[in-house]
Amino acid sequence: MKVSVIGATGYAGAELLRLLYQHPQAEVVHITSESHTGEKIASLYPHLRGLYDMELESMKDIERIGRDSDFVFIGLPHGHAMEVGRALAGMPVRIIDLGADYRFADTEVYEAWYHVPHTHQEAERVYGLAELYREQIKNAKIIGNAGCFTTASILALAPLAKQHLIDVNTIIVDAKSGVSGAGRSAKQANHFPELYDNFRAYNVAKHRHTPEIEQALADISGEKVLLNFTPHLVPMSRGILSTCYANLKEGVTADLVSAAFAKLYGKEYFIRLLGEGAYPSTKEVRGSNFCDIAWHVDERTGRVIVLSAIDNLVKGAAGQAVQNFNIACGFEERMGLDFVPLYP
Ligand SMILES: NC(=O)C1=CN([C@@H]2O[C@H](COP(=O)(O)OP(=O)(O)OC[C@H]3O[C@@H](n4cnc5c(N)ncnc54)[C@H](OP(=O)(O)O)[C@@H]3O)[C@@H](O)[C@H]2O)C=CC1
Ligand SMILES: CC(=O)N[C@@H](CCC(=O)OP(=O)(O)O)C(=O)O
């Protein structure tokens, strides 16, 4: 398959190049950047030196890139992928967008939280969370790859929402991310003295991943879902740990909770069920496409606490995009993704 990466100079795009390099069925034909057109990717990411020889191109001639490609991966900030999607709409090329433009079924929700007009409302799109939307992904023209915090949090709660074991309107998601989640461009909050030896929450009660988690859990449970999501920034480069709380319904036991996880994920290679009472950690999934999940039933409070860990750049972005690419192509889902986590 000929593939191109739009926005190859971002952290998500560069991680895609790392993964695609050793994918046996993908050949990268175009990589783009608007601010480094004409340069080699290794001048920006020396870890890729010797691996990609082509120059970064502008995406101005996106139709030509689309004609040359079976798949286009987009790693642009939200609001920009829609322009690419519209330009390629009449062509056979398929699209996997790592940003938020194609994640929402209801574009009014997107507009309300992202504060930009949705300019490709008619796009036929599917939500790209591989384990939960596999059937829809198979034939999709446009895949809106799930977000990073959202992947960790939805996967943690989906079995309980699906089996109606929790009151979905009592959910609290408390998540922590490494700083690569914020992208490569310089921001004061990500400056070393602000980050180092520090730990803080941000965007409380207003983070854009809130409606994305609500959308997926509502779809899975068949109920309207309102929840609280609080992200935190941790001074590490990669990794997300999501701690999710919900009230258990009357009579729900720890065994029922464990059975719900086994039923939904028992055959999922990339979801590793650590079981009741265990503790996933970001380092145990680092560099891999795994999502490690454990759960704790607190009989005293009647709550369940689910913990999930992913690498934000892999299962939370580029790895999931390749997993979706594999599904869309009918390839073995693990193809090019069978990494042992980089530990310690
Ligand atoms: N980082 C992460 O962990 C995750 C990121 N994502 C999503 O992936 C996308 C990229 O994120 P990330 O790689 O972190 O971001 P970066 O800030 O690291 O990279 C952004 C990329 O977009 C390009 N770009 C920036 N502004 C514009 C513009 N106005 N027009 C065209 N291109 C532009 C940049 O290229 P250049 O300036 O060279 O042209 C660069 O390639 C985002 O939508 C993000 O939400 C999703 C999940 C996780
Ligand atoms: C640490 C950090 O800043 N994380 C980003 C989320 C990651 C991202 O890029 O957003 P998507 O997953 O929706 O694409 C944030 O909170 O906005």
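1. A good place to start is the interior: 49% of the 344 residues of the protein count as buried. Here a residue is buried if 20 or more other C-beta atoms lie within 10 Å of its own, exposed if 12 or fewer, and partly exposed in between, with C-beta atoms placed from the backbone. Please keep in mind that this is a predicted model, in which local features need pLDDT of at least 70, side-chain atom pairs count only at pLDDT 80 or more, and totals for chains, interfaces and linings use all residues. Residues are numbered from 1 along each chain as its sequence is written, while chains are lettered from A and ligands numbered from 1 in the order in which they are written.

2. Next, the overall build. The protein has 10 helices and 14 strands; these are DSSP runs, numbered from the N terminus, with helices (H or I) of at least four residues and strands (E) of at least two. Its C-alpha atoms fill a box of roughly 60 × 45 × 40 Å along the principal axes. The radius of gyration is 20 Å, which agrees with the value near 20 Å for a compact globule of 344 residues. That radius is taken over C-alpha atoms, and the globule rule is 2.2 Å times the number of residues to the power 0.38.

3. Strand β4 (residues 71-74) is worth a look, since both of its faces are covered. Phe 71 and Phe 73 are buried on one side, and Val 72 and Ile 74 are buried on the other.

4. What lies beside β4 in the sheet? Strand β1 (residues 2-6) pairs with β4 in the parallel sense over 4 bridges, and Ser 4 has Val 72 as its bridge partner in β4. Strand β5 (residues 94-97) also pairs with β4 in the parallel sense, over 4 bridges, and there the bridge partner of Phe 73 is Ile 96. From β4 the chain passes through helix α3 (residues 81-87) to β5 in a right-handed β-α-β crossover. Two strands pair if DSSP finds at least two bridges between them; a crossover is right-handed if, with the strands pointing away from the viewer, the path from the first strand over the helix to the second runs clockwise.

5. Now to ligand 1, which has 28 residues around it, with Gly 10, Ala 12, Ser 33, Gly 99 and Gly 183 coming nearest. A residue counts as near if its C-beta atom, placed from the backbone, lies within 6 Å. The largest share of this shell, 3 residues, comes from α1, and α1 (11-21) and α10 (314-329) each supply at least two. By class, the shell has 8 nonpolar, 18 polar and 2 charged residues.

6. Around ligand 2 are Gly 99, Ala 100, Gly 147, Cys 148, Ser 177, Gly 181, Ala 182, His 209, Pro 231 and Leu 233. This shell has 5 nonpolar, 5 polar and no charged residues.

7. Finally, some backbone details to check. Most residues other than glycine have a negative phi, and most peptide bonds are trans. His 115, in the loop between α4 (107-114) and β6 (125-128), has a positive phi near 60°. His 115 is exposed, with 10 other C-beta atoms within 10 Å. Asp 197 has a positive phi of about 60° and sits in the loop between α7 (192-195) and β9 (200-201). Asp 197 is exposed too, with 6 other C-beta atoms within 10 Å. A cis peptide bond, with omega about 0°, joins Tyr 343 and Pro 344; Pro 344 lies in the segment after α10.

Technical notes
Nonpolar A, V, L, I, M, F, W, Y, C, P; charged D, E, K, R; others polar.
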